[in-house]
Structures are given as C-alpha cells and as structure tokens.
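Visitor: Could you take me through one part of this structure slowly and with care? I would like a close look at the disulfides, with each term explained as we reach it.

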Amino acid sequence: YHEDPGGEAYLAVSPGARVVAAGCNFARDDVFLLRLHAPLGVERVDAAGQNTGAYIDIPGVTSLGGIAIDTTGAFDHRLLATGASGGKTVVSAVDCYGGVQVITRSAPSTEGGLAVAPEGFGSFGGDLLAPDEYTGRIYAIAPDGSVATVARPSLPTGGDIGVESLGFVPAGFLRGGEVYYADRKTPNNAHAGTDAVLRLSSSDLSAAGVRDGDLLAATEGGATLIAVHCDATCSVITVVATPTASHGEGHIVFTVDKTVPSPIPGPAVQPTHITTTPSRSSVTATNAIIATAIVIALVALVLALGVPRRRT
C-alpha cells in the first residue's frame, strides 16, 4: 500500500463477524486501513496491498488517528474509526455496507492504536479504549458516547512521546505467545527508531505480573510498557520501565501459541515454549508396556525358529 507515503495509516484486520443491525458480515481477514488523503475515510486493502475500491467516507473530521474492530458486540461488531475535529475526537462506527454512525463528536483528544475491552475488564468491558499522548490518560468510550478515564499511568507525556498504543492480552496468551510493537524509523527525532518490530514473550509479561485480559499500553517515545488490570478497581503494572531510542507506533498485537502440528516433510524444527514432564504413573505404565512388548517379541521369535516340542 503506497497511497499515503510516510503517513501513519493504521490498519485493522477483521476476525469475521455479523453486523446484526445491518444484516451483513465482515469477511474474516479483511484488512481496513485509514485513508489519510482527501476524502478522508477507510479503505479495504487486498493481500497484495492494493486498494480494492471499497472506500468509506468518514465525514466531519479534519484528520484520522485510530481504527479498530469491535470484537465484543457492544458496538454491533462494527469497525470503529476516530478523527479530530475542533480539538475533540469524533468516534464513528462503520457497518459492512459502509453505513456510518457517529458515536460521539466530543470525546477528548486521542490518537494511536485503539482497542475494544473484553468482557470482564471491570466496568469498561465492551468500551473502546483510546490513548492521549499529551495528558497520558487512557479513556474508555462507551457505545452511548459517554467517556471515562481508565488510568493515567506514570509515563512520559507530550507529542511523539506519551502513551500511543493499546492492546488486550488475549485468553491463553500466558500459556505461550508473543507480543509485538512497531518501532518506526523517525529521522531527526529524539527517539529515532529503527523500522524494526519489537517483541516480548508471554513469560516476560508473566514475570511482571501481567494476566490474560489485562490491557497493555506503550509509549511512542522510548516504547516503555505498562499493563492495566481492572475488576472492581483498576491498577497499573510496570512491564518495561527503561525508555530506549525506539519510536513506538500503531497497534500492540499478539500471537498465541497453538498445539504443535503434525510433522511435515522438511528440516526438523524443535518446538519452543513447550516443556512436558511425565508423571510417575505415566512412567510406570510406559515401562509395563515396553516389558510386555519384549515378552511378545521373544515368544514370536521362538515360534519362528521352530523349536521342537519335547516328546512324552
């Protein structure tokens, strides 16, 4: 994709869900990307990076700064886009026919990787969470347009510095997985970046006290990282405290390790993140099976050699 060279054209990938109110479906793995040139809106991009012509206009904004897909159903599984207007944030919900509904025109200023909170994230389950790098606040925007502050972690604040990106730890992640964050190369910046992808393992997060369902929030300047856990109240956990020269941008994304697949032809690959220790009972059972097999093999050998029977 090359229509907005150098722009922060964030994207979202559809998990595949039905928009009940519109009576249609977002196809699984559809990629939607912010269109940062006039007319502002959202485009669907194919696997080759080409614009498919499926363009959706987002009216009433002077810029676009965030995109996410509702995976909980609180926003009827629609695509959510945020844009600036008059110092406020406009939140729009887009269905799979391209219909646009404005959720609110008066949310606080936000920009960066958005995330929809899963059920169980305290009183904010189903809300759209959005960061504000200038104040350091993380906001929750409800389907009715109301706004609440989830947390204001002790992180650096300011343009190109403060909290930039969010992501929720998926179920099963702490049993094995990786979390990724883009380090955008930005010349003539205090945090110049490298155009690399930063990675942490699930064991790194677990060691810091992070749990499945927690929110991760990363800064743009230095890519420091915290986690927010919410039930009756919300608490903040420091994961990466020391800032670096990294320049964080975009979404925080996860992979969750699956069951090791059956072997396929090719070089042998040793699985990672999997350690098994057989129990005492399983070892005993295995030994018994081996002993029985040996006896059967010896009997078969004797019969094959035709050992004569003793006469009586």
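Guide: What follows is a walk through the disulfides, one pair at a time. The model is a predicted one, in which local features need pLDDT of at least 70 and side-chain atom pairs count only at pLDDT 80 or more, while totals for chains, interfaces and linings use all residues. Residues are numbered from 1 along each chain as its sequence is written, and side-chain values use heavy atoms, with hydrogens and water left out.

A disulfide is a pair of cysteine sulfur atoms within 2.5 Å, and a search of the whole structure finds 2 of them. One joins C24 to C96, with an S to S distance of 2.0 Å. Because the torsion about the S-S bond of C24 and C96 is about 95°, this disulfide is right-handed. C24 lies in strand β3 (residues 24-26) and C96 in the loop between β9 (88-94) and β10 (100-107), so the pair ties together parts that are 72 residues apart in sequence; strands here are DSSP runs of E with at least two residues, numbered from the N terminus. C24 has a relative accessibility of 7% and so counts as buried, a word that means under 20% relative accessible area, whereas exposed means over 50% and partly exposed lies in between, using a 1.4 Å probe and protein chains only.

The other pair is C230 and C234, whose sulfur atoms are 1.9 Å apart. The torsion about their S-S bond is about 110°, so the disulfide of C230 and C234 is right-handed. C230, at 3% relative accessibility, counts as buried, while C234 is partly exposed, with a relative accessible area of 31%. When the bonded cysteines of the protein chain are numbered in sequence order, the pairing reads 1-2, 3-4.

Methods. Helix = DSSP H or I, 4+ residues; strand = E, 2+ residues; numbered from the N terminus.
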